[in-house]
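Good morning, colleagues. I should like to take you through one protein model, beginning with a sheet and the helix that lies across it. Please look at the sequence and the structure as they appear.

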Amino acid sequence: MAFPEAFLEELAARNDIIDVVSGYVSLTKRSGSNQFGLCPFHSEKTPSFSVSSDKQMYYCFGCSKGGGVINFIMEIEGLHFPDAVHFLARRAGMQVPDEGRDDEAVRRRERILRANREAARFFHGMLGEPAGNPAIDYINARGISGEMVKAFGIGAAPDTWSALTDHLAKKGFAADELVTAGLARRSGKTGGIYDAFRGRLVFPIIDVRGNVLGFSGRILGDGEPKYLNTPDTPVFHKSRNLFGIHLAKKSRAGYFLLAEGNIDVVALHQAGFDSAVAPLGTAFTADQARLMHRYKQEVIIAFDADDAGQRAAGKAIDTLEKTGIAVRVLRMAGANDPDEFIKKRGKDAFHNLIEQRETHMEYRLLSLRQGYDFDRDQDRLNYLKEAEGLLAGLNSDVELEVYGRRVAEEAGVSLEALKTGVKKRRTQAKKQSRRKVEQEGTRPSRAMQPGSRELRYTNAYSAMAEQGVLRLLLRDPALYREELELEPEDFSSPFLGRAYGVIRERIRAGKENTPATLSPLFNQEEMGQITRLFTQPENLTDAGRAITDYIAKIQTEKLKQNPEDNLQDIYANYRKTKGVEQDG
């Protein structure tokens, strides 16, 4: 292990998990020493994310993610283990032992971030060179101010094959490092490398901590693709980041403005709307929604007015709603996007537009209404059918009254008739939900399975006993006895067998098994399953008998699975765990 255990224990002690998690999640509901909130790692409306002050760990009963404070920072910030340790050490004002920096993954990540930072400086500097004139012309044509160019670090990629790679090579970066960072590509013919971004206006993609993760480049002139983004790298994932988030998170506005493209974000910031962000060339994702929810409680969607933009807005509403964040939508009449609207009508008009923003239900109902001709009875019936489905999803009776009355008046039916239809929809939805729960309840083996396919159990009956052994040893290490005669290879689950081996060796060495000390030894999915064991109840009244029963079950299942392998040895171990002396 790169970090001394004593250091990791102190690190966890000085970063109370309740305090750390509260910086990202609103923890309100209490149950004993546990606090609950909406999980930041998956979309939910009912809190299933538990944080234990006693055990200093978190666990989500919905998505099965869990661990200690280090695991939480790894997951929420997208960091590797050593980076998360340094993150928490800085938070607590602790000095990190030097050996923690020898990790190869950390070194590679730091080199990529350093290369990106140098590339950003190079691109920005190109605006002062003749090679940057096409980018300057485009910036001027779009009316982007010098202040915004500096604030966003906008630059130019010259239309050459190796300007950037030559520059970075002189800075000591190897070809493989530049390819891994997405700054260069390798030629299939020569094996050499060439610049990934050429002849483009370049926007650095910067995270909430100010790191340059990658770049987004807009073509200058003709060519495809119009926008080119850095591919996923060890430091960058398009689906987890937002353009402009490093600036927008500081905004005093109580909301984020979600636009479609980089230019729209720059134009909005230039007009004074400094909470604007945009996805990175992909559909809006749940990870991006959760990132926004960490900083604001409302999102106003300002997507393009064309059909594609409106379809994207509808999908973004669905994604955002699942996080519990308030969603509003802008309708920019007479303009296709925020940049065009502001240029045509000014920033005061856009401010008024924000003040008049629609709720997501108003937006959806109006969009739905536009697709039907109410002079035709069948269209009105089809509209009512779809509207009932939308209204059935409302949790508030007041909202149902307001929007239901509007729908009923437009379609020419009574509010009571509409409510009857909505009630039927809700009843159907509840039945389907109840049926699903009942189906899952009849499949205990499925319910106990880990979420990760790599950790799935092939023998659920043995795995239940294997979990029981681990659960008991984690709670009471004194239960371990050499004469138990249980080995990791006796486990049907390779993961549980390895976990047993690790926990057993630590008990033998007199070491504690806590989330902090186990975190370096298992990956995130594995730590989620181990944390689950900490949360599950276990009767310790007769724990000695319970552990021998669990081991007997493991040996029995092994005997069933391998009847031809060492039957005498397996049977002897089985009898031994049951306390039966051999009779020869």
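**A helix across a sheet**

Let us begin with helix 11, residues 262-270, which lies across strand 9, strand 10 (212-219) and strand 11, and runs at about 75 degrees to strand 9. Please bear in mind throughout that this is a predicted model.

The strands beneath our discussion belong to an open sheet of 4 strands, in the order 6-9-10-11, with antiparallel pairing. Which strands stand at the edges? They are strand 6 (155-157) and strand 11 (227-229); each has a single partner strand, so one side of each is left without a neighbour in the sheet. From one strand to the next, the twist averages 35 degrees.

In general, strands of a sheet pair through backbone hydrogen bonds, either parallel or antiparallel. Here, strand 6 pairs with strand 9 (residues 200-206) in the antiparallel sense, over 3 bridges. Ala157 stands opposite Arg200 in strand 9.

I turn now to two details of the backbone. Most residues other than glycine have a negative phi, and most peptide bonds are trans. In the loop between strand 10 and strand 11 we find Pro225, and the peptide bond joining Glu224 and Pro225 is cis, with omega at about -5 degrees. The other detail concerns Gln56, in the loop between strand 3 (49-52) and strand 4 (57-60). Gln56 is not a glycine, yet its phi is positive, at about 55 degrees.

Next, a pair of helices. Two packed helices are described by the angle between their axes and the distance between the axes. For helix 21 (residues 460-475) and helix 24 (residues 524-535), the axes come within 9 Å and cross at roughly 70 degrees. That angle makes helix 21 roughly perpendicular to helix 24. The crossing of helix 21 and helix 24 is right-handed.

Which residues meet there? Helix 21 contributes Gln467, Leu470, Arg471, Leu474 and Arg475, and these meet Ile530, Leu533, Phe534 and Thr535 of helix 24. By class, this contact has 5 nonpolar, 2 polar and 2 charged residues.

Finally, a word on confidence. The protein averages a pLDDT of 87, and 90% of the residues score at least 70. Over residues 440-444, however, pLDDT stays under 50, and the model has 1 contact beyond four places in sequence for that stretch. Where pLDDT is low, the predicted coordinates should not be read in detail.

Definitions and conventions:
Residues are numbered from 1 along each chain as its sequence is written. This is a predicted model: local features need pLDDT of at least 70, side-chain atom pairs count only at pLDDT 80 or more; totals for chains, interfaces and linings use all residues. Side-chain values use heavy atoms; hydrogens and water are left out. pLDDT is the predictor's confidence in each residue, from 0 to 100. Contact means heavy atoms within 4.5 Å. Axes are lines fitted to C-alpha atoms, for helices over the stretch in contact, and angles run from 0 to 180 degrees between N-to-C directions. Helices (H or I, at least four residues) and strands (E, at least two) are DSSP runs, numbered from the N terminus. Angles under 35 degrees count as roughly parallel, over 145 as roughly antiparallel, 65 to 115 as roughly perpendicular and the rest as oblique. A crossing is left-handed if the near helix is turned anticlockwise from the far one by less than a right angle, and right-handed if clockwise. Ala, Val, Leu, Ile, Met, Phe, Trp, Tyr, Cys and Pro count as nonpolar, Asp, Glu, Lys and Arg as charged, and the others, Gly among them, as polar. Two strands pair if DSSP finds at least two bridges between them.
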